[in-house]
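Me: I'd like to learn how to read a sheet in a model like this one. Can you walk me through it, feature by feature?

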Amino acid sequence: MESTPVTVQPPGPDGGRKVAIHGKDVGTAYHLLDVVEFLRREGLPETDTTVDDSDLIEWRGGGPRAWTSGE
């Protein structure tokens with residue numbers, strides 16, 4: 001069982017971060033607003049404070065403000 005519904009992987013070489021919701025790959029985010037859009041499409045909360053909710057999103061390899069490899 002997953003600890004959080006949303007997992008955001010570390011930034012890749014191009015700065016993109018793969019996003020999975022409920023274990024399903026939903027795409028690659030290149031900006032925080034992309035993550036918010038993925039949440040909206042899946043019917044999850046999508047406010048700007050949602051991205052800091054550790055019960056909803058597990059940020060791997062850097063938090064919501066890390067968008068380039070090595071940040």
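Me: Let's start with the hairpin of β2 and β3: which residue there takes a positive phi?

Reply: That's His22, with a phi near 50°. The hairpin has two residues between its strands. Keep in mind that this is a predicted model.

Me: And in what sense do β2 and β3 pair?

Reply: The general idea first: strands of a sheet pair through backbone hydrogen bonds, and the pairing is either parallel or antiparallel. Here, β2 (residues 17-21) and β3 (residues 24-29) go antiparallel, over five bridges. If you want a spot to check on screen, look at Val19, which stands opposite Gly27 in β3.

Me: How many bridges link β1 and β2?

Reply: Three, and β1 (residues 6-8) is antiparallel to β2 as well. Going along β1, you'll find Val6 opposite Ile21 in β2, and Thr7 opposite Ala20 in β2.

Me: OK, zooming out: what is the strand order of the sheet?

Reply: Read across the open sheet, the four strands come as β3-β2-β1-β4, and the pairing is mixed. β3 and β4 (57-59) are the edge strands, each with a partner on one side only. From one strand to the next, the twist averages 20°.

Me: Which helix lies across those strands?

Reply: Helix α1, residues 32-41, lies across β1, β2, β3 and β4. Its direction is at about 150° to β3.

Me: Back to Thr7: buried or exposed?

Reply: Buried, because its relative accessibility is 10% and the cut-off for buried is under 20%. Thr7 sits in strand β1. Skipping neighbours within four places in sequence, Thr7 is in contact with Lys18, Val19, Ala20, Glu58 and Arg60.

Me: How many residues of β2 are buried?

Reply: Four of the five, so "mostly covered" is a fair description of β2 under the under-20% cut-off. One more general idea for when you look at side chains: in a regular strand they alternate between the two faces of the sheet.

How values were computed
Residues numbered from 1 in each chain as written. Predicted model: local features only at pLDDT ≥ 70, side-chain atom pairs only at ≥ 80, totals over all residues. Heavy atoms only, no water. Pairing = 2+ DSSP bridges. Axes fitted to C-alpha atoms, helices over the stretch in contact; angles between N-to-C directions. Contact = heavy atoms within 4.5 Å. Buried < 20%, exposed > 50% of the residue type's maximum accessible area, 1.4 Å probe, protein only.
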